[in-house]
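Hi everyone, thanks for making time this morning. I'd like to walk you through one model, and please stop me whenever you want to look at something again.

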Amino acid sequence: MIKVAVMGASGRMGKMLIEAVQAADDCTLHATLDKGDDVRAGLAGADVMIDFTRPEATLAHLAACADLGVKAVVGTTGFDEAQKAELAKFAERTAVVFAPNMSVGVNVVLKLLDMAARALAEGYDIEIVEAHHRMKVDAPSGTALQMGQVVADAVGRDLKECAVYGREGVTGTRDPSTIGFATVRGGDIIGDHTVLFAGIGERIEVSHKATNRSIYAQGSLRCARFLAGGKTTGLFGMNDVLGFTR
Ligand SMILES: NC(=O)C1=CN([C@@H]2O[C@H](COP(=O)(O)OP(=O)(O)OC[C@H]3O[C@@H](n4cnc5c(N)ncnc54)[C@H](OP(=O)(O)O)[C@@H]3O)[C@@H](O)[C@H]2O)C=CC1
Ligand SMILES: O=C(O)C1=N[C@H](C(=O)O)C[C@H](O)C1
């Protein structure tokens, strides 16, 4: 049995994770932790922590995991570059899977995007549109940013230089080397992502629409099984978990 500690237990994902762990034959709920609880006491003795909270909280939880030898699945988004570097340092002391989207479907879409972007590198304008519920606090979504990274790598551009996050006023005509991001927030949208390749005479749209948060919880359990199966240190992504080689 994999002993799982769920952080942010009262959150949207926390609740889904508790249900998923309780329903899994090979996992047991070791602890459920909320803001204000004793993190070290809760994590002591756990095999894997699953964390969908906020970047500052995740880093504090990872510090405890590294000290206690607890492996970690991190789904939290909204990390800045310095925070990502801090997370990577903890992965030198314990095994961590870090992915902005744990859904198998989204990770298949990332592969499709790599293929599409290589074929459509010239003559097609690339725009990424994401929509989420009104309670989401970070933008663009971690998934949209990862899609941008995959596409930028595929077409040989530096995302930091070519990303355009929203447009307003007299913008001038579109620079073909840019990758645009647009964010929609409203209601209870669980998570929609579309990458648009707009050419002359045609446009190609690659989309994923989530209809239930259980996809993220089930993906997280796959990550927990991957870590529990012998990983001790290192930073992993869904490519490693799902066995995608390229
Ligand atoms: N990788 C993936 O597949 C997915 C990633 N996400 C990401 O997961 C994160 C959480 O999403 P969601 O569940 O919707 O958010 P919620 O706001 O519903 O839940 C976040 C939880 O974290 C807790 N929390 C916040 N700050 C702290 C803190 N400083 N210490 C301890 N706990 C804290 C919150 O407690 P309180 O309410 O008391 O503040 C809450 O219980 C987001 O970054 C989101 O983008 C979401 C879905 C899928
Ligand atoms: O906050 C959410 O809800 C989600 N966040 C993740 C992200 O930022 O990409 C994953 C998913 O889209 C749901």
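I'll go from the overall fold to the core, then to the ligand, and end with one annotated residue.

Before anything else, keep in mind that this is a predicted model.

Let's begin with the overall fold. The protein contains 9 helices together with 11 strands. If you lay the C-alpha trace along its principal axes, the spans come out at about 60 × 35 × 35 Å. How does the radius of gyration sit against that of a compact globule? For 246 residues the expected value would be near 18 Å, and the protein has 19 Å, so the two agree.

Now for the contacts. Take the contacts with a separation of 6 or more: residues 24 or more positions apart account for 71% of them. As for burial, 39% of the 246 residues are buried.

That brings us to the interior. As a general point, nonpolar side chains in soluble globular proteins tend to be buried together. Here, the largest nonpolar core has 47 residues, and the ones touching the most other members are V48, M49 and V97. Which helix gives this core its largest share? That is helix 8, residues 214-228, with 8 residues.

Let me pick out V97 for a moment. Setting aside neighbours within four places in sequence, its contacts include V73 and V74. Further along the chain, V97 also touches C223, F226 and L227, and then F236, G237 and V241. There is a second core too, separate from that one, with 18 residues, among them A117, I126, I128 and I179.

On to ligand 1, which I suspect is what many of you came for. There are 23 residues around ligand 1, and those that come nearest are G8, G11, M13, A57 and G75. What is the make-up of this shell in terms of nonpolar, polar and charged residues? The split is 7 nonpolar, 11 polar and 5 charged. Helix 1, residues 12-23, and helix 3, residues 55-68, each supply at least two residues of the shell. The largest share comes from helix 1, with 3 residues.

Last stop, K35. An unreviewed UniProt entry gives this position the feature "binding site". You'll find K35 in the loop between strand 2 (27-33) and helix 2 (39-43). Is K35 buried, exposed or something in between? K35 counts as partly exposed, because 13 other C-beta atoms lie within 10 Å, and the exposed class stops at 12.

That's my tour, so over to you for questions.

Methods
Residues are numbered from 1 along each chain as its sequence is written. Chains are lettered from A and ligands numbered from 1 in the order in which they are written. This is a predicted model: local features need pLDDT of at least 70, side-chain atom pairs count only at pLDDT 80 or more; totals for chains, interfaces and linings use all residues. A residue is near a molecule or strand if its C-beta atom, placed from the backbone, lies within 6 Å of it. Helices (H or I, at least four residues) and strands (E, at least two) are DSSP runs, numbered from the N terminus. Ala, Val, Leu, Ile, Met, Phe, Trp, Tyr, Cys and Pro count as nonpolar, Asp, Glu, Lys and Arg as charged, and the others, Gly among them, as polar. The radius of gyration is taken over C-alpha atoms; the globule rule is 2.2 Å times the number of residues to the power 0.38. A residue is buried if 20 or more other C-beta atoms lie within 10 Å of its own, exposed if 12 or fewer, and partly exposed in between; C-beta atoms are placed from the backbone. Two residues are in contact if their C-beta atoms, placed from the backbone, lie within 7 Å. A nonpolar core is a set of buried Ala, Val, Leu, Ile, Met, Phe, Trp, Tyr and Cys residues joined through C-beta atoms within 7 Å. UniProt positions are given in the numbering used here, feature names are shortened, and annotations may be inferred rather than shown by experiment.
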